[in-house]
Amino acid sequence: PYIREFALKKGQSLDALREWAYTQGLLDGETLDLAVKPTEGGGTRGFHRVKSWRELEAAVENIFADRTSSGDPVEELVVQEFLSGEEFSVQTVTLRH
């Protein structure tokens, strides 16, 4: 299994995104369940869970109006199917002698 995702660049039409969501079976009328986030950065900064096309449009607008953690404009975001379940975060440190 893999997470279905779509990359959207700033200024790109949402029509291609709508078609992708429809062909992937992720859009049922105006209902969906997607995760939207900037491609740069980490954690939950800029993360939006959307359940309607209107929420998706607002999330895209908000993300592209924001800046990255380094202060640069956000130029690309990713839209993924939302997967529910337990989330695990693992941090590691590797020492080499």
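By the ring-pairing rule, the count here comes to one aromatic pair; the rule takes rings of Phe, Tyr and Trp (its six-membered ring) with centres within 6.5 Å, calling planes under 30 degrees apart stacked, those over 60 edge-to-face and the rest tilted. That pair is phenylalanine 6 with tryptophan 20, tilted, at 5.7 Å centre to centre and 40° between the planes. Phenylalanine 6 belongs to strand β1 and tryptophan 20 to helix α1, so the pair ties together parts that are 14 residues apart in sequence.

A quick word on ground rules: this is a predicted model, where local features need pLDDT of at least 70 and side-chain atom pairs count only at pLDDT 80 or more, while totals for chains, interfaces and linings use all residues. Residues are numbered from 1 along each chain as its sequence is written, and side-chain values use heavy atoms, with hydrogens and water left out.

**Overall layout**

- The protein chain has two helices and four strands, where helices (H or I, at least four residues) and strands (E, at least two) are DSSP runs numbered from the N terminus.
- Follow the sequence along and the pattern reads β-α-β-β-α-β.
- The C-alpha trace spans about 55 × 35 × 15 Å along its principal axes.
- Of the 97 residues, 27% count as buried (under 20% relative accessible area; exposed is over 50% and partly exposed is in between, with a 1.4 Å probe and protein chains only).
- Take the contacts (heavy atoms within 4.5 Å) with a separation of 6 or more, and residues 24 or more positions apart account for 50% of them.

**The sheet**

- The four strands make an open sheet in the order β1-β4-β2-β3, with antiparallel pairing; two strands pair if DSSP finds at least two bridges between them.
- β1 (5-9) and β3 (48-52) sit at the edges with a single partner strand each, so one side of each has no neighbour in the sheet.
- From one strand to the next the twist averages 25° (axes are lines fitted to C-alpha atoms, for helices over the stretch in contact, and angles run from 0 to 180 degrees between N-to-C directions).
- β1 and β4 are joined antiparallel by five bridges, with lysine 9 opposite glutamate 76 in β4 and alanine 7 bridged to valine 78.
- β2 and β4 also pair antiparallel, over five bridges.
- Four bridges join β2 (residues 31-38) to β3, again antiparallel, and threonine 31 stands opposite serine 52 there.

**Helices on the sheet**

- Helix α1 (residues 15-23) packs on the sheet and touches β1 and β4 (76-81), with its direction at about 175° to that of β1.
- Helix α2 (residues 53-65) lies across β1, β2, β3 and β4, and runs at about 150° to β3.

**What's covered and what isn't**

- In a regular strand, side chains alternate between the two faces of the sheet.
- β1 shows such alternation: Phe6 and Leu8 point to one face and are buried, while Glu5, Ala7 and Lys9 point to the other and are not.
- Both members of the aromatic pair are buried, phenylalanine 6 with a relative accessible area of 14% and tryptophan 20 with 11%.
- β4 is mostly covered, with five of its six residues buried.
- Out in the loop between α1 and β2 is aspartate 28, exposed with a relative accessible area of 63%.
- The C-alpha atoms of aspartate 28 and aspartate 66, which are 38 residues apart along the chain, are separated by 29 Å.

**Glutamate 81**

- Glutamate 81 has its place in strand β4 and is buried, with a relative accessible area of 12%.
- Its side chain makes a polar contact with the side chain of arginine 4 at 2.9 Å (a pair of N or O atoms within 3.5 Å; within protein, one must be able to donate a hydrogen and the other to accept it, and residues adjacent in sequence count only if both atoms are side-chain atoms).
- Across from glutamate 81, in β2, stands leucine 34.
- Setting aside neighbours within four places in sequence, glutamate 81 is in contact with Tyr2, Ile3, Arg4, Leu26, Asp33 and Leu34.

**Arginines over rings**

- Arginine 18 lies over the face of tryptophan 53, at 4.1 Å from the ring centre (a charge sits over a ring if NZ of Lys or CZ of Arg is within 6 Å of the ring centre and within 35 degrees of the ring normal).
- Arginine 49 lies over the face of phenylalanine 82, at 3.7 Å from the ring centre.
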